[in-house]
Amino acid sequence: MAQYLDPGRIIMGTFGQIFIDGVWQSNLNHLEANVEAEKRELNLVGTDYTVFKLGRKKGTGTMSGYKVSSDMITREFQKFSIIHKLDDPEAYGFERIQLNNCMVDKIQLANWTAGEEVAEETAFTFESYELLDPIVVS
């Protein structure tokens, strides 16, 4: 008999955390980070397929939430680290990933509307990552 996924094991972002240089950013509620690999196309003899060799990698991301301080403005374009923790009490565990040598793409100086919460979105790049705590299905 097939065993189905326990829906309780699906991870919700509700308990996610973002730490910038070790300081919890409780105002942030969204993080996306991706690594894109450049693939070199190679045409080799003996095959009618194009094959690929891994080239350079590029890390990009975006974090957003509510503005509560001028931290990102005063930080300017200095490098920092991000550790994100993705946790859910019903999951098989939690995951922590460290993004190294992060640098913002642009600094948001103003973006507000009367009567609305001020949101802040910051796009960034990073130079490497480390999987500190993987989620392992038991």
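What volume does the second largest cavity have? In this predicted model, the second largest cavity comes out at about 50 Å³. Before getting to the rest of the empty space, a word on confidence: the chain averages a pLDDT of 93, and 99% of the residues score at least 70. Among the elements of the chain, strand β6 (residues 95-104) has the highest mean pLDDT, at 97, while α1 sits at the bottom with 92.

Rolling a probe the size of a water molecule over the atoms shows where empty space is left. Counting cavities of 30 Å³ or more turns up 2 of them. The largest cavity has a volume of about 110 Å³, and 13 residues line it, with Gln25, Asn27, Leu28, Met72 and Glu120 closest to its centre. As for secondary structure, β4 (51-66), α1 (71-75) and β7 (119-126) each put at least two residues into this lining. Sorted by class, the lining of the largest cavity holds 6 nonpolar, 4 polar and 3 charged residues.

Back to the second largest cavity. Its lining is made up of Met72, Ile73, Val104, Lys106, Ile107, Gln108, Glu120, Glu121 and Thr122. Here α1 and β7 each supply at least two residues, and β7 gives the most, with 3. The class split for this lining is 4 nonpolar, 2 polar and 3 charged. Two names turn up again here: Met72 and Glu120 belong to this lining and also figure among the residues closest to the centre of the largest cavity. The elements overlap as well, since α1 and β7 each give at least two residues to the second largest cavity and each do likewise for the largest cavity.

That leaves the open space. The largest pocket takes in about 220 Å³. It is lined by 15 residues, and those closest to its centre are Gly13, Gly16, Gln17, Ile18 and Leu28. Leu28 is thus a familiar name, being listed as well among the residues closest to the centre of the largest cavity. Three strands, β1 (17-20), β3 (28-42) and β5 (80-86), each contribute at least two residues to the pocket lining. Of the elements, β3 gives the most, with 4 residues. By class, the pocket lining divides into 9 polar, 5 nonpolar and 1 charged.

How values were computed
Residues are numbered from 1 along each chain as its sequence is written. This is a predicted model: local features need pLDDT of at least 70, side-chain atom pairs count only at pLDDT 80 or more; totals for chains, interfaces and linings use all residues. Side-chain values use heavy atoms; hydrogens and water are left out. On a 1 Å grid over the protein atoms alone, a cavity is a set of points where a 1.4 Å probe fits but cannot get out, and a pocket is an open set with protein on both sides within 12 Å along at least five of seven lines; lining residues have an atom within 4 Å of a point. Grid points are joined across faces, edges and corners, and a volume is the space filled by probe spheres set on the points. Ala, Val, Leu, Ile, Met, Phe, Trp, Tyr, Cys and Pro count as nonpolar, Asp, Glu, Lys and Arg as charged, and the others, Gly among them, as polar. pLDDT is the predictor's confidence in each residue, from 0 to 100.
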